[in-house]
Each structure stands twice: as structure tokens, then as C-alpha cells.
Amino acid sequence: MSNIIPKLIPPREQPEFREFMSMILAEQPVLLHQNDVMLRYFQFCDEIGFRRSKRRESAFFHFLSSIQELFLLGEYLFIMHRPETARFHYYRINANGNYMEAIDVGEYLQQKDRFAGHSPDPNPLRIDFLPFYDFAPRVRHFRNIGNGILFLNRYLSSHMFQNPDEWNRKLFEFLKLHQHDGRQLLVNGTSIADVNTLIQRLRHTTEWLNQVEKATPIKQVERRLKRSGLEPGWGDTVERAAESMQCLIDLFDAPDDSLLERFISRVPMPMISRIAIVSPHGWFGQNKVLGRPDTGGQVIYILDQVRALETHLRERLAHSGLDVIPRIVVLTRLIPDAEDSGCDVKREPIYRTDDSWILRVPFHDEQMNVLPQWISRFQVWPYLERFANTAAVELAAEFGGRPDLVIGNYSDGNLVSTLLADHFNIIQCTISHALEKTKYTDADLHWEKYEKDYHFSQQFMADILSMNKSDFIITSTREEIVGSNSHMGQYESYMNFTMPGYIQVLSGVDLFSPKFNVIPPGVSLDLYFPYSESERRVARQTARLEERLFYSKDKDIFGTLTDPGKPPVFTMARFDHVKNITGLIDAFGRSKQLRRQCNLVFSAGAIDPEQSSDLEEKKEIRRAHELIRQHGLKGSVRWLPSMPKSDTGEVYRIMADRRGIFVQPALFEAFGLTILEAMVSGLPTFGPKFGGPSEIIDHKHNGFLLNTGDPSLIATSLEHFFNQLETDPELWQRISAAGIRRIHEDFSWTTYSERLLKLAKIYGFWRFAESVEGKHKMDRYSEFIYHFLLRKKNRRAVKKSG
């Protein structure tokens, strides 16, 4: 192998390069990540007198800033280098830093196993999904990752243009497939035998329809359409039906991506009226569940999603001329020991919907005994296959047949949705919300340390399986997929990694697959609206909540405020390590200024650790009490249990009334629904710069981004804001107004629903039209992963625990 240093580092910078690498080698470092590398580089520059103004201009700097990790093994440094998004190179550098050679990913992972203390396995078990994407189109440039539907529309329309006979036939065959409850839709394949006949019938029919009064209900001309072989589904009026038919004629004649998208969005192709949404873990309910372990934003997301999807489906089906009532079923776990949560009720109608339901199915052990108690999301894996098998029967009964689309949520729901999609042979969408792999430092490399409590060996394999099997993947932000210039995205972290002694992943997912799509969720504008809209607020609710938030001596509240009139620093989340409420408490406690100027008010889970059944939550609650005592926060902190969702909107508005702020202190946040809620309520919002909030908050314009990794940095940012208010009293109002505008303009459940259903239709057509052989190969490979890396491991885990 040749020395590649001359190709990457110009001669004038090579002495500094060698000196820096020698310094790293001399440190005998553990695994260093990007931030660690850059911190050492800046220290190195200061030591050698390299001017700060010049260092960022050097090729050396740009090379180092793209290092994701490095480690020392023997006399060599091994580097994972990320010159651009979703592209990785791997290097080995010798002891004096003057020779660097490229190695492949397999060699890099082997050396990483050795670094972790595992003897090298000459024949490690390896996963590589990349060859199975040969049958599918790929996005060419990383900037287009996350906009898969645009790429796929263009790909499909281009092939229809280049190979009209083949693709027109596929589209015709797809049209003939569509039925609902035994009723043929769109095209009668018996009356219309081929594409040319269909086009001829469409031309004659549109000519006739254009002579009829536009507003005429389609049912009045239905018999005439049937005689031409055209079935219901084209539109509810003569005008809309004629437009849909003309759109299809144009698509056959001169296909382009906008025509394809427009036609598929107008007609029930494929027919989607029955949707199963899967979310097994946690306490999924509508009352007295938020703030319990594993229960938070995902529940809110799904319930709001259901309402929006049902509304959009009902409108679309009506516009198609179909008298069909959509039904959405949220599949979750039934918990017999439900306390007062209602999670022991099998069927529950979802509030503010016409025909959407929560369907609860219990977990069973191997003897088919019902598991009565709640268990952590990290402990659910042995139960999911039996859960999916039982759920398949229940869903078929609930829908009177199979669903049209299944949507998985989080790792466990995505695995169950994969099993259900295979069982029913239906379109599958997955939504991860937050992949655990990037939350816990080196969770793959040190998986054995985490295994007892977190079972990452099963979760990471389940993630890989559902990512590759899914027809399309929705994320709330692009950052969730590909990260930023400085760090990898959640999905990107699955491209290659090792779990020493278990498996090496050479290619776990192809980010250039067009299945990835960014659709940010919305916020319920009925519940969350600006504090200034006084006419919409209920005075009795405001008074009740103000009393509870600041004054009452209820036994379930911790802390009495010495001066309740101070501006509140407010947060609301469940207690776990990543949500980092204890980090905010620590930050507040360290700052004399914040304690003098503000009160800290937070709503989070239980106050007594013995009231929690979750180990991580217990630990965080105890840590919160310890910090409050350590910093002497008596009189300036108020700790409330989790709030009912129906009260949360007014809570934000009350905090805004008092010119407070909302702080989301999470160490990492995939998106941040509470950030949307706080901003649209008019409460200036601070969120972590790590993760999705960076795509919601425009720093210093409509909110603020924090480095939440260090409590002192949180404190400094909050202090700076309150200092600015003293010289610029209008700052609070400007940030408040800009935050409201941001949410109203860019985060809408109506837009979300329209885009999700459009995705389901486009990917439904692609599922029909794609290479069957290529898809079957990936399916067989995925079955191997499921049976040998998930199913067997789950059974061993059950026997071990028994």
C-alpha cells in the first residue's frame, strides 16, 4: 500500500501533521471521538504557536475535523475518516506519523475488535446489505438524502418515458389490482384488456364528461362510466373525474414526475383506508400516562398523527367519489396491572376521531401466560414475535381483512411492523423517533457492558432488519439521517460498526436508498396556541394551574418558592439520563445569577424514587434530590409530577405570561415536540444543538441552541439571555413572536398527513413495479438475520432469565 499523506496533506503542513500524530501516539489514548480530536488539536496549535486565524485554513485542519474516531493499537493509530456525509475512509498511521495507508472497513473493524480486548476472529460473522440494493435506484448526491420521494418520482417517470411499453403496462396492471371490500375500483380488467384500450376509453369518456355540468355528482353518470369499463375512484364530481382521467392520459403520453405525483395523489392507487400504527412499549393511553417510564413524546406524536391522518383520508376518499370510512388502529401492549392508566382496556376509541381505536394486545411468555406488569422498552424483545402473531389475528378481525399500510414506531414497533408487513404482504413505513445507538457512548463497541440492562445486541439487529425491509422511512429531520459536518447521524451510525465477539456490520443500511424521507410533525393548534390569544384561554383553568404551579402545598409537589414572581426557567420531560433534567438542575444550582433572578420549575415523572419501577428513572430522581440539596436550592425550585396533556398548553402560556423561558436540556434529541409546543405558545425556547432541534430553532432569531453536554455551558447561555434583557427589554418579545411564526409556517399536521399518504402511494406503486428477484434476495437475507441473530437470541434470553 502506498503512503497517502502526500495526497491529503501539502508538504508545508506535513511536519505539523507528523508532530501532532506523534503527540497522540505518545498519549496512549483510549478511543477518541471527533470532539476529543479537535480539542487536542487546538491545544497543540496553542503550544506550537500556530496562529488561530490560520489554523482553520489548513488542509491539516480539514482532515482532522473529518475524523470521526481514532484509536491506538500497538504502534499504529487507526482512523475512521468522514470526508463528506455517508462516505468513510479508513487509515492506519505508523508510530512516527510519517506513513499512512488506506485499509478497508473489514480490516478496520477487525482492529477495533482487538482494541476492545477481543482476540481476532479470522472468520467473523459479518453483515453486508449493500449488494442487495443493486436492484434498486440510488440517490447520487448526499445532499438529496432524505428527499426520496422526489428522486423516486423522477426515476419512475423517466423510465416510463424511456420504456413506455413496459412501464405503461406495469401502471395498467397496477390500476386493475385495486379493490375495496370486493368492489372493483378505477379500471375493470375484464372490460378493458390492455393499455391502448384504456387510453382510448379514457379519451372518449373525458370528451363526454367535458360536455356535462362540472358540478354533477359522479353517481349520476356512474352507469355510463361502467359501460366504458371505468369503475369508481376517479372523483366525486364530473369535473374532478375528468381531471383525473386527463392526468392519466397525459402521464401515458408524456410522463414526468409532477404528473405522476399529481395522478397518484388524486386517486385511490393504492387504496389506503385502513392503517395499523404499531407502538408496543410504554404506557400507551390518553389519560394519566405521560411522564411514566418510556411514555412521552411518542404517544403525543401518534395520537396527533392519527387525528390528522383520519381527517386527510376522509377528505381524500370523499374527493375520489368513494363512500368509505377510514379506520386507523393503534396497536400497543395491554398491561393487566395498569394502575389508573387505562392500559388494561382492550379497545379504546381515540378522542376526537370518527373511527380510530387503540387496540391493546398482551405480551405472552413461552407458556403463553400473560405478562401482567409493565416492563422497560429495553426488555421487550423476547415477547415481540408472539405479540406480532397474536396482533395479526386481532388486526384482521378489527379491519375485517388486512390493513393497507402498517406504520412502525421506535425499534420495537418497527420490528413488529416488519413481521406484520410480511404476514399481510402490505406496505411498511418505519419511524424510529430516536435510535438508541447514538445515545449511549460506544454502545456498539462496549455492548457487553450494556447487555444486561439494555439488550443492544437485539435492538441494533432489529433496527437493521426494519430499516432494510421497510418500503419507506420517515424522519423528523435530515440530521436524524446524516447528522452534520461534525458528527454522524443516527441512521448513518448503522452504516458500519462492530460488536466485538458478536458481529461486524460492513454495511447495515444504504443511506442513498430513496426510501428515506424527511417529514416534520406538526403540533395541535387547538391545544397549543400563543399566550397572547386571551380570548381562547379559560380563566378557571389558568387560575387552577397558576395555583398548582407556583403556590399550592399539594403533597405530590416538591419545593415552595420564596418569590413566585420571578421569571420561571421551565422544563417538562420524563426522567431519564438522556433527557438530562438533572443537568439543568445542576446548571441552575451552579449559577448565582440564575438563582437570584429566576425560579426553576419542572414537571417530570415521580418525585419519590420508590414510586418508579424503572431503574434509570429511579437513579435520575435520586440524583435530582441530591443536586437540590447540594446546591441549596430550597426556595428557588419547584418540582411537579407529570402534567396531563390537556393542561400542558396552558402551562406553557402561564410561563410566558411571567416572561419565563423553556429549556429542553436533553443530551441528544431526535426532534423535540416540546420545543414546538413551547415555541408556538410564545415561550422563548432553548434546545440542544445536538440532534433535531437545530432544524427547528434558528439560533438567536427564534430561539437558542445549547451545548447541553456541560451544565456550566447551559448556565452560561441562560445567563447571557437574561443579561441581554437588561439592555434590550424587547428581546423576549422578538424571540417569542419569531418562534410562533416559525411553527405556524413550517410545522403542520395537515402537510404531514398529505405527504405521508403520498409516500405510501408512490412506494406502493414502486413495491409493485420493482424487481421481484432483487427484493426476494433481500428478504431471504433478512430472514437469516431475524432467525439467527434475533429469534434464537431472544429464546436464549428467555431460558436464561427463567
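Me: Which residues in H24 meet which ones in H26?
Reply: This is a predicted model, where local features need pLDDT of at least 70, side-chain atom pairs count only at pLDDT 80 or more, and totals for chains, interfaces and linings use all residues. Residues are numbered from 1 along each chain as its sequence is written, and side-chain values use heavy atoms, leaving out hydrogens and water. On the H24 side there are Leu676, Met679 and Val680, and they meet Ser736, Gly739, Ile740, Arg742, Ile743 and His744 in H26. Contact here means heavy atoms within 4.5 Å.

Me: Why is H24 called oblique to H26?
Reply: The axes of H24 (673–680) and H26 (731–746) cross at roughly 120°. Under 35 degrees counts as roughly parallel, over 145 as roughly antiparallel, 65 to 115 as roughly perpendicular and the rest as oblique, so H24 is oblique to H26. Angles run from 0 to 180 degrees between N-to-C directions.

Me: What makes E11 and E18 the edge strands?
Reply: Each pairs on one side only. Pairing takes at least two bridges found by DSSP between two strands. The open sheet's order is E11-E12-E10-E9-E13-E14-E15-E18.

Me: How do you know that E14 and E15 pair, and in which sense?
Reply: They share three bridges, in the parallel sense, and the cut-off is at least two, so they count as paired. At one bridge, Ile431 has Ile474 in E15 as its partner.

How values were computed:
Helices (H or I, at least four residues) and strands (E, at least two) are DSSP runs, numbered from the N terminus.
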